[in-house]
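Reader: Kindly explain the terms used for this model, and on what grounds each of them rests.

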Protein chains: 2
Amino acid sequence: MATVSRALNGSYGVKNETRLRVLAVAKKLKYVPNRIATGLATGRSHIMAIVVSDIRNPFFAEVTRGAEDEAYEAGYDLVLCNSDLNPVKQIHYFRALLEKRVEGIIMNSVATLSRDFQEELSRCGVPIVLLNELPGVLGFSTVLPDNFEGGMLAGTYLSRLGHRVIGHLTGPSKHGNFGERTRGFLKACDAATRKVKTMVIHGHQSSQGGYEMMKRLLAKHRDATAIFAGNDAIAFGAIRAAVESGLSVPDDISIIGFDDVEFAGVVRPPLSTIHCPKYEMGKAAAEILLRHATRAKSWSPEHRIFGVKLIERESSRAV
Amino acid sequence: MATVSRALNGSYGVKNETRLRVLAVAKKLKYVPNRIATGLATGRSHIMAIVVSDIRNPFFAEVTRGAEDEAYEAGYDLVLCNSDLNPVKQIHYFRALLEKRVEGIIMNSVATLSRDFQEELSRCGVPIVLLNELPGVLGFSTVLPDNFEGGMLAGTYLSRLGHRVIGHLTGPSKHGNFGERTRGFLKACDAATRKVKTMVIHGHQSSQGGYEMMKRLLAKHRDATAIFAGNDAIAFGAIRAAVESGLSVPDDISIIGFDDVEFAGVVRPPLSTIHCPKYEMGKAAAEILLRHATRAKSWSPEHRIFGVKLIERESSRAV
DNA sequence: CTGAAAGCGCTAACAG
DNA sequence: CTGTTAGCGCTTTCAG
């Protein structure tokens, strides 16, 4: 048995002739190794998981593709979980994944979980990488776009275009990637050569949320000539609201988003936005997991920040 | 040990008091069951897989979400594989999945594989459900939109709008879902009260392919006033080509797609299309797998066809 | 209702 | 270089 195992796995210490014979017989018998037995014996599952809120969100689809490509290369399987950011589902997934002995988990966010559970997660033994920022420092690895820089880019760009009254529509500031984007944006506006008036509005980080925030903004600040949206979804909603209010984008008001989802280049008008390397981020997240998985228990959290860049399309122009 | 196992699994034949005691101790010890050992003992992995060409394709993202929801309900994990329709990757995934003892596989297509390998697949012992049509009858289950009906709908709709010269841009006719769509379309045009001239052009089933097919069509048949695209991606490319050629959609030319991906409602102009219930199809595919997984080896292929419907938006109008 | 024992298919010492 | 022997952690007869 041992020899067969070694032959099949290409381990050292098998005469070449024997190996060939084993392989031949295995083939004739249509032998299919049972990886779940291998897993029991070795204590490794060769499985990793990604928990996103919804794979239908193109942002996550892109990240997931990056992660899967990396996993595939390494001979790992990727299990996909859609949490809808629902704490109950998240906890359920987490337990199931631990029981299945996955070797690593990529999570889009743990912000909706209790602090207690976050700590349980960070100490559970399997490496976890987060795709957003967490206020306190728990032992998670993170893979992020350079949110602050992206915010700066947006602020600088719009103020250079001559905008003097700029609205910022964004998601909850405390968690996720939004806070830093806002900080970068405000910093850039502060640093502008000519005074820029800013107002930031918080809401839901969706197209619908963007629509509502825009309506709210327009009700009070009809003088705004530009909008920086915390992500592209918000931007799409904002455009819809603007158009509905009789404003032309970009003639009456410029709008810029964040993420550069595929949609962005296709809608009318094509959306100016801050590009964030989603595929690469997914790939990097899987890479970290892979590295940690082999260093049983002796890894320490890693953090990677990805550069972003301004994509100028047609939803923004000089005032 | 046996009693603990029974207690933990809620099996019959454990005094309630004992069960409670076991549960309490398990909790105190932070016991985490090892599902890979369970798998070895029971011969079941509680894992299923979906192999799509690319999860970034919104069509597959939607199907996958449906499948995952169904799997989640049943306590199964879903592993995601992106094949790019590359035969080498597909075969590799397939072998790996068999070794991992997945209990079922959803595949978007096996059309790019050799007939031999298709047969190997169909006889491998694990249930497989396909999301497209296969010419010869192998033992696969299938979950499909009603392609023929959809083609009819499109043809009837455009001819009723008064179009008399209609182009049909589509993918390869032999495999996949395209053939039936074309047949339905031609049937409807034939049945139109006034004579309709049709020309069908084959190309790649992508936006880029649609762009090229449209250019080709326009070069020869400038008199076309309507286009039926085999899917939405093709339609997007066709719109781009039309606009580039100085045509207005829908004023000069009407365009209708197939699938109703999310994009369709958002682009300018919003795309008229044949809606296909992607989420439900994914869910149904997983459902079939689940049912077959429990009937060890004694299931026979199942086929489900989902109704489609016409979604009238702004890319089409009466001539 | 509970416990003892065998075994799922593989790997990894350890001898030979 | 090859074979023997223990397990990996669970489920499942089979006795008690």
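**Surfaces near the DNA and between the chains**

Author: In this predicted model, helix 3 of chain B supplies five residues to the surface near DNA strand D, the largest share.

Reader: What makes a residue one of those that surround DNA strand D?

Author: The criterion is a C-beta atom, placed from the backbone, within 6 Å of the strand. For DNA strand D, 21 residues are counted, and Ala2(A), Thr18(A), Ala2(B), Ser5(B) and Ala41(B) are the closest. Helix 1 and helix 3 of chain A, with helix 1 and helix 3 of chain B, each give two or more residues to this surface.

Reader: How do you know which classes of residue make up the surface near DNA strand D?

Author: Ala counts as nonpolar and Thr and Ser as polar, because the classes are set by residue type. On that basis the surface near DNA strand D has 11 nonpolar, eight polar and two charged residues.

Reader: Which element gives the largest share of the surface near DNA strand C?

Author: Helix 3 of chain A does, with five residues. Around DNA strand C there are 20 residues, of which 11 are nonpolar, eight polar and one charged.

Reader: Why are residues of chain B said to be in contact with chain A?

Author: Two residues are in contact if their C-beta atoms lie within 7 Å; therefore 31 residues of chain B are in contact with 31 residues of chain A. Helix 4 of chain B gives the most to its side, six residues. That side of chain B comprises 15 nonpolar, five polar and 11 charged residues.

Key. Residues are numbered from 1 along each chain as its sequence is written. Chains are lettered from A and ligands numbered from 1 in the order in which they are written. This is a predicted model: local features need pLDDT of at least 70, side-chain atom pairs count only at pLDDT 80 or more; totals for chains, interfaces and linings use all residues. Helices (H or I, at least four residues) and strands (E, at least two) are DSSP runs, numbered from the N terminus.
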